[in-house]
Amino acid sequence: MAHPVAPVSPPLKDDLDIVIPTIRNLDFLAMWRPFFEPYHLIIVQDGDPTKTIRVPEGFDYELYNRNDVNRVLGPRVSCISFKDSACRCFGFLVSKKKYIFTIDDDCFVAKDPSGKEINALAQHIQNLLTPSTPLFFNTLYDPYRDGADFVRGYPFSLREGVPTAISHGLWLNIPDYDAPTQLVKPRERNSRYVDAVMTIPKGSLFPMCGMNLAFDRELIGPAMYFGLMGDGQPIGRYDDMWAGWCAKVICDHLSLGVKTGLPYIWHSKASNPFVNLKKEYKGIYWQEEIIPFFQSVLLPKECTTVQKCYIELSRQVKEKLGPLDPYFQKLGDAMVTWIEAWDQLNSPAQQAAANKKNESTPSTKSSILFGVTY
């Protein structure tokens, strides 16, 4: 007689939040239901807080609009961008889970070359739960994948790797291009599926895209600040890249790893290149100074935590980039405010209270910490 097979719980079901910034109804979640429904969603509503955002039935979520952000952060609310996808980092701030996956609402389920739908979340989890190799490049890319290993000549002393802090996924269909590239290649689409995951080497920066991204919140969360962008700021569309540059130099300093490659999502629509150019033009000019700054950043050995690293980085931003434009003085101050908010909302007492609440009550469509119910 056959015995019933116990259902397999989704990986990290109780340890991962999905963070989604949006200004519209989340109909796209219907496509992701088989993969996302077991997990808790944190939705950060940008723009008009009186607008009702519709979420498909069956998802466990909490939704924060701008009024909620103001109430939760009070005098520190100035560090959260408005009318920009950088508002997503508020979700990172209020989550109490070890891992975060963040995705944009124009990202759909992609298919691999065999036609099978890709469970992007499962691949991100696999990336985060296996080590990275930033100190010595493995020519077979990720040696921890099935069917791969370290190649001949790889030092045995480095084969243990380092903990993976960030998993950076890619996109089929609409590439993540800047406005000038969009303008000269308006019809270009990415159809290349490269079945590979690799560790970004120590000392190398990368342009991080926030639309298909996961990270270990306990390892690198305080560095995943998407800066001051959007409404009232002289720059936009550099929020995820700013977070990526900051996080990468801190990962290098603290011996943490960043992986990029799989998983793919289907990026469904291209944003307007002329609107994008207006948002990006100062960033395109400034990045020629910003990137050399990050390439030369040195963090002292006394910086033993992400918070300490980030505060020191904010000081250097103000000192070295401040002369470039007053915006960087303001951004440096916002980086400090962000860390203050992080420490305020993620103190050991707050974490213990959240854990106790989670153990004693079923999950609902409400904020565990702040009593915001929808």
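Start by selecting Lys-259 and Asp-142 in this predicted model: Lys-259 is buried, and Asp-142 is buried too. Show their side chains and you will find them joined in a salt bridge, 2.9 Å from N to O. Lys-259 sits in strand 9 (residues 257-267), while Asp-142 belongs to the loop between helix 4 (120-129) and strand 6 (164-173), so this pair ties together parts that are 117 residues apart in sequence.

Next, select Glu-280 and Arg-237. Their side chains form a salt bridge at 2.5 Å, again N to O. Color helix 8 (residues 273-296) to place Glu-280, then look for Arg-237 in the loop between helix 6 (217-220) and helix 7 (239-254); the two partners tie together parts that are 43 residues apart in sequence. Are these partners buried or partly exposed? Glu-280 is buried, with a relative accessible area of 3%, whereas Arg-237 is partly exposed at 24%.

Now move to Lys-98 and Asp-216, whose side chains meet in a salt bridge of 2.9 Å, N to O. Lys-98 is in the loop between helix 3 (89-94) and strand 4 (99-103), and Asp-216 is in strand 8 (residues 212-216), so the pair ties together parts that are 118 residues apart in sequence. Lys-98 is partly exposed, with a relative accessible area of 26%; Asp-216, at 3%, counts as buried.

Keep those two selected and add Glu-218: Lys-98, Asp-216 and Glu-218 are linked in a network of salt bridges.

Would you like to keep exploring? How many salt bridges does a search of the whole structure find? The count is 19.

Key:
Residues are numbered from 1 along each chain as its sequence is written. This is a predicted model: local features need pLDDT of at least 70, side-chain atom pairs count only at pLDDT 80 or more; totals for chains, interfaces and linings use all residues. Side-chain values use heavy atoms; hydrogens and water are left out. A salt bridge is a side-chain nitrogen of Lys or Arg within 4 Å of a carboxyl oxygen of Asp or Glu. Helices (H or I, at least four residues) and strands (E, at least two) are DSSP runs, numbered from the N terminus. Buried means under 20% relative accessible area, exposed over 50%, partly exposed in between (1.4 Å probe, protein chains only).
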